[in-house]
Amino acid sequence: MAEQTAHPATGQTRDDAPTGPADGPRTTGTGSARRSDGAVVRDALGVGVAVGLSGFAFGVTSAGAGLTLLQTCALSLLVFTGASQFALVGALAGGGNPFTAAAGAFFLGTRNAFYGLRLSQLLALPGFAKPFAAQWVIDETAAVALAQPDRRSARLGFTATGLTLYVLWNLTTLLGALGAEALGDTAAWGLDAAGPAVFLALLAPMLKTTTERATAGIAVLLGLGLLPVLPAGVPVLVSALAAPAVLWFRGRRAQKEETVR
């Protein structure tokens, strides 16, 4: 129970919060109270289940691109980053060179390295756990972990999201690939559009700023415009030039505004 103490200068009383183990949730540097474990897990499960079900679409798309059941499941087990997986099988389905397709998937996956730099500081995991945690560094786990107000909640959110998503993504990948094999020609059923549709559904909510929307728009124009004239898989690589182009234009614009001031 708080005690009433007098201020030495004014004589006014104030409440002194109790100290020690009996304290309630502490506040962080951001001024937000630590969230309950249940709230963190609920958020993690919501993200993990919603995105994990998309593995079914990947399984269907991969099988439709001609990959075997073993190859499809290996991609989800070892690569485990949806955008790169969809890019790889999409390029292969279009008749692209495997090396070009792999290069496009690799460049899409490099963003996870930047997530890892931030999460490494935030989570501060012991050395033996880092190689295992690295497999789960993706958009969704980074988003849930970075949204937490303290390290303990961030670790819980990262682990719960990663575990849920990894298990569900691989399970639905297997089911999707088996289902595609049973159906036969996936294009006849219109399931060849499932992969691009899911990819766009995952990407759209991430485009929050004008710079991000402009980058995405230019990348789409480059990809579609070059699709008829370049081999499959290459337009994806060229569309990556949209990011430095937008950043260059933004920098020039900022310099001009600074000069006018």
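## Core and salt bridges: worked exercises

Leu119 and Phe158 touch the most other members of the largest nonpolar core, which has 25 residues. The model is predicted.

**Exercise 1.** Identify the helices that each supply at least two residues of this core.

*Solution.* Go along the chain. Helix H2 (55-64) and helix H4 (82-93) qualify. Helix H5 (98-109) and helix H6 (111-123) follow. Helix H8 (139-146) and helix H9 (151-183) complete the list.

**Exercise 2.** List the contacts of Leu119, leaving aside its neighbours within four places in sequence.

*Solution.* Step one: drop the neighbours within four places. Step two: read off what remains. Leu119 is in contact with Ala124, Val137, Ala142, Ala145, Leu146 and Phe158. Of these, Phe158 shares with Leu119 the distinction of touching the most other core members.

**Exercise 3.** Find the salt bridges and locate their partners.

*Solution.* The count comes to 2. Take Arg152 and Asp37: their closest N and O atoms are 2.6 Å apart. That is within the 4 Å cut-off, so the pair counts. Arg152 sits in helix H9 and Asp37 in helix H1 (residues 37-52), 115 residues apart. Now take Arg111 and Asp139, with closest N and O atoms 3.0 Å apart. Arg111 lies in helix H6 and Asp139 in helix H8, 28 residues apart.

**Exercise 4.** Classify each salt-bridge residue: buried, partly exposed or exposed?

*Solution.* Buried means under 20% relative accessible area. Asp139 is at 12%, so Asp139 is buried. Arg111 is at 22% and counts as partly exposed. Asp37, at 31%, is partly exposed. Arg152 is partly exposed at 47%.

How values were computed:
Residues are numbered from 1 along each chain as its sequence is written. This is a predicted model: local features need pLDDT of at least 70, side-chain atom pairs count only at pLDDT 80 or more; totals for chains, interfaces and linings use all residues. Side-chain values use heavy atoms; hydrogens and water are left out. A nonpolar core is a set of buried Ala, Val, Leu, Ile, Met, Phe, Trp, Tyr and Cys residues joined through side-chain atoms within 4.5 Å. Buried means under 20% relative accessible area, exposed over 50%, partly exposed in between (1.4 Å probe, protein chains only). Helices (H or I, at least four residues) and strands (E, at least two) are DSSP runs, numbered from the N terminus. Contact means heavy atoms within 4.5 Å. A salt bridge is a side-chain nitrogen of Lys or Arg within 4 Å of a carboxyl oxygen of Asp or Glu.
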